[in-house]
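Visitor: Please take one helix of this model and look at it closely. Then show me what it packs against.

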Amino acid sequence: GKHEKAAKSLSRLRRLDVDHPALVEELAEVRANHEYEMSLGKASYVDIVRGTVGKRLATGCLLQALQQLTGVNFIFYYGTSFFNNAGIENPFIVSVITGVVNVASTVPGLYLVEKWGRRPLLLFGAVGMFVCQYIVAIAGTVDPDNTATNKVLIAFVCIYIFFFASSW
């Protein structure tokens, strides 16, 4: 349709003359790609949610939503305050340790996703995270002022982050 306008816009963007060979070649490529896409037929946004594409889209969106609900963001954003309120000495150091565990635990996840597959790895991580959260809740409720309890809390928060980073 508007080939002259496209040439003028691209010329201004590339800072080249409208007749420059590189510009003419790029315009021809854009036109060819456009014609190819038009030859594929009509499509609408409704096609995104139909059939297997819709199922894959829903699965991806649901996983991203569940990832936000796992609670790991709480550890990373409010970990220092949480550890401080739990009576742990040097809560900032513990937060740094959780960050290091997060980064280091990504590597096993890269291997395990190829070895086990995505679904088994995701379920493995979810179960591990559940158990760790349960133990952290028990430890924080039973005897929050005990030094041994605080060490258990730190250990299982780190294990929780391992499960998260290696699977989700």
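Guide: In this predicted model, α5 has 14 residues. From its first C-alpha to its last, α5 reaches 20 Å, close to the 20 Å expected at 1.5 Å a residue.

Start with the buried side. The buried residues of α5 are Pro91, Val94, Ser95, Thr98 and Val101. They sit on the same side of α5, because they cover an arc of only 115° around the axis. These buried residues pack against α4 and α8. The face turned away from the buried side carries the exposed residues Phe92, Val100 and Val103.

Now follow the contact into α4. Leaving aside residues up to four places away in sequence, Phe83 touches Pro91, Val94, Ser95 and Thr98, and also Ile88, Leu153 and Val157.

Phe83 also belongs to the largest nonpolar core, which has 17 residues. Phe83, Ile88, Val157, Tyr160 and Ile161 touch the most other members. At least two residues of this core come from each of α4 (72-85), α5 (91-104), α7 (118-142) and α8 (147-167). The largest share is that of α8, with seven residues.

Then the rings. The structure holds seven aromatic pairs. One of them joins Phe162 and Phe163, edge-to-face, at 5.7 Å centre to centre and 65° between the planes. The two partners differ in burial. Phe163 counts as buried because its relative accessibility is 14%, under the 20% cut-off. Phe162, at 30%, counts as partly exposed. Elsewhere, ring pairs link Phe83 into a cluster with Phe74, Tyr78 and Phe82.

Methods
Residues are numbered from 1 along each chain as its sequence is written. This is a predicted model: local features need pLDDT of at least 70, side-chain atom pairs count only at pLDDT 80 or more; totals for chains, interfaces and linings use all residues. Side-chain values use heavy atoms; hydrogens and water are left out. A nonpolar core is a set of buried Ala, Val, Leu, Ile, Met, Phe, Trp, Tyr and Cys residues joined through side-chain atoms within 4.5 Å. Buried means under 20% relative accessible area, exposed over 50%, partly exposed in between (1.4 Å probe, protein chains only). Helices (H or I, at least four residues) and strands (E, at least two) are DSSP runs, numbered from the N terminus. Contact means heavy atoms within 4.5 Å. Rings of Phe, Tyr and Trp (its six-membered ring) pair if their centres lie within 6.5 Å; planes under 30 degrees apart count as stacked, over 60 as edge-to-face and the rest as tilted. The expected span of a helix is 1.5 Å times one less than its number of residues. The arc is that of the directions from the helix axis to the C-beta atoms.
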